[in-house]
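Me: I should like to go through this chain step by step, from its overall make-up to its interior and surface. Please answer each point with the reasoning behind it.

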Amino acid sequence: MQLKNILLSIMLLIFCAGTANSQTNIGGVINSYTAVTAFGLCANNIMVASTSGFTVGNTVIIVQMQGAVIDETNTASFGSVSNYQSAGLWEKATIASINGNEVSFTKNLLNSYQLSGSVQMVSLPLYNDAIVTSVLTGTPWNGSTGGIVALQTTGSLTLNNNINASGIGLAGGPNTQVC
């Protein structure tokens with residue numbers, strides 16, 4: 001009976017040690033970003049500025065950051081969106097291959113994007129269980145990349161610190177004063 005308890009204790013210790021090892025401490029910038037420079041002839045490939053930080057099998061986000069048409073007239077409708085033109089469209093994709101700066105995905109992209117609207121590819125890291133141990137943030141938007149903090153987990157996300165995207169997104173319009 002005592003041997004059975006010892007074996008059970010060892011098995012529990014191994015299970016707990018395995019669970020502890022599947023936890024990943026994260027903080028800082030965890031995403032990679034690159035501008036999409038062209039769409040391929042096939043619906044499942046794109047050209048990017050750089051493939052640094054991306055590998056085959058990675059899940060990524062393709063997102064169009066800008067491009068909406070807004071009313072800029074000095075009227076009551078100032079700031080109204082008259083045409084989104086794909087701004088804000090996004091989707092997840094899995095990288096099937098990388099050849100130079102050409103990235104192919106396992107499936108066709110579903111959305112139609114406009115390169116003039118600042119389309120970017122952002123890594124979407126996958127964690128079993130993630131623990132935010134220092135401030136988690138992203139690279140600030142520079143007009144072509146950045147401005148996003150994204151991750152996915154198959155288990156839990158423990159917040160022992162903040163996720164802070166304050167000030168890294170799209171810049172607002174100019175601060176003008178009319179006298």
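The questions and replies below concern this predicted model.

Me: Which pattern does the chain follow when read along the sequence?
Reply: The chain contains one helix and 13 strands. Read from its start, the chain follows the pattern α-β-β-β-β-β-β-β-β-β-β-β-β-β.

Me: Among contacts between residues at least 6 apart in sequence, what share joins residues at least 24 apart?
Reply: The count leaves aside pairs that are under 6 apart in sequence. Of the contacts that remain, those joining residues at least 24 apart make up 71%.

Me: Which elements give two or more residues to the largest nonpolar core?
Reply: This core has 14 residues, and Ile46, Val60, Ile62, Val103, Phe105 and Met121 touch the most other members. The elements that each supply two or more residues to the core are strands E3 (45-48), E4 (59-64), E7 (90-99), E8 (102-105) and E9 (119-123).

Me: Apart from the largest core lies another one; how many residues does this other core have?
Reply: Among the members of this other core are Tyr33, Val122, Leu124 and Ile148. Tyr33 is also one of the residues that Met121 touches. The number of residues in this other core is nine.

Me: Over how many bridges do E4 and E7 pair?
Reply: Val63 stands opposite Trp90 in E7. The two strands, E4 and E7, run in the antiparallel sense, and the number of bridges between them is five.

Me: Which residue takes a positive phi in the hairpin of E7 and E8?
Reply: E7 and E8 pair in the antiparallel sense over four bridges, and Asn99 stands opposite Glu102 in E8. Two residues lie between the strands of this hairpin. The one with a positive phi, near 65 degrees, is Gly100.

Me: Is Tyr84 buried or exposed?
Reply: Tyr84 lies in the loop between strand E6 (81-83) and E7, and together with Ile70 and Val81 it makes a nonpolar surface patch of about 290 Å². A residue counts as exposed when its relative accessible area is over 50%. Because the relative accessibility of Tyr84 is 56%, this residue is exposed.

Me: What percentage of the area that the chain exposes do carbon and sulfur atoms supply?
Reply: Buried residues make up 30% of the 179 residues in the chain. The chain exposes about 10,900 Å², and the part supplied by carbon and sulfur atoms is 55%.

Notes
Residues are numbered from 1 along each chain as its sequence is written. This is a predicted model: local features need pLDDT of at least 70, side-chain atom pairs count only at pLDDT 80 or more; totals for chains, interfaces and linings use all residues. Side-chain values use heavy atoms; hydrogens and water are left out. A nonpolar core is a set of buried Ala, Val, Leu, Ile, Met, Phe, Trp, Tyr and Cys residues joined through side-chain atoms within 4.5 Å. Buried means under 20% relative accessible area, exposed over 50%, partly exposed in between (1.4 Å probe, protein chains only). Contact means heavy atoms within 4.5 Å. Accessible areas come from the Shrake-Rupley method with a 1.4 Å probe; for residues, only the protein chains shown count as cover. Two strands pair if DSSP finds at least two bridges between them. Patches are made of residues with over 30% relative accessible area and no salt bridge: like charges are joined within 9 Å, nonpolar side chains (Val, Leu, Ile, Met, Phe, Trp, Tyr) within 5 Å. A salt bridge is a side-chain nitrogen of Lys or Arg within 4 Å of a carboxyl oxygen of Asp or Glu. Lists of a residue's contacts leave out its neighbours within four places in sequence.
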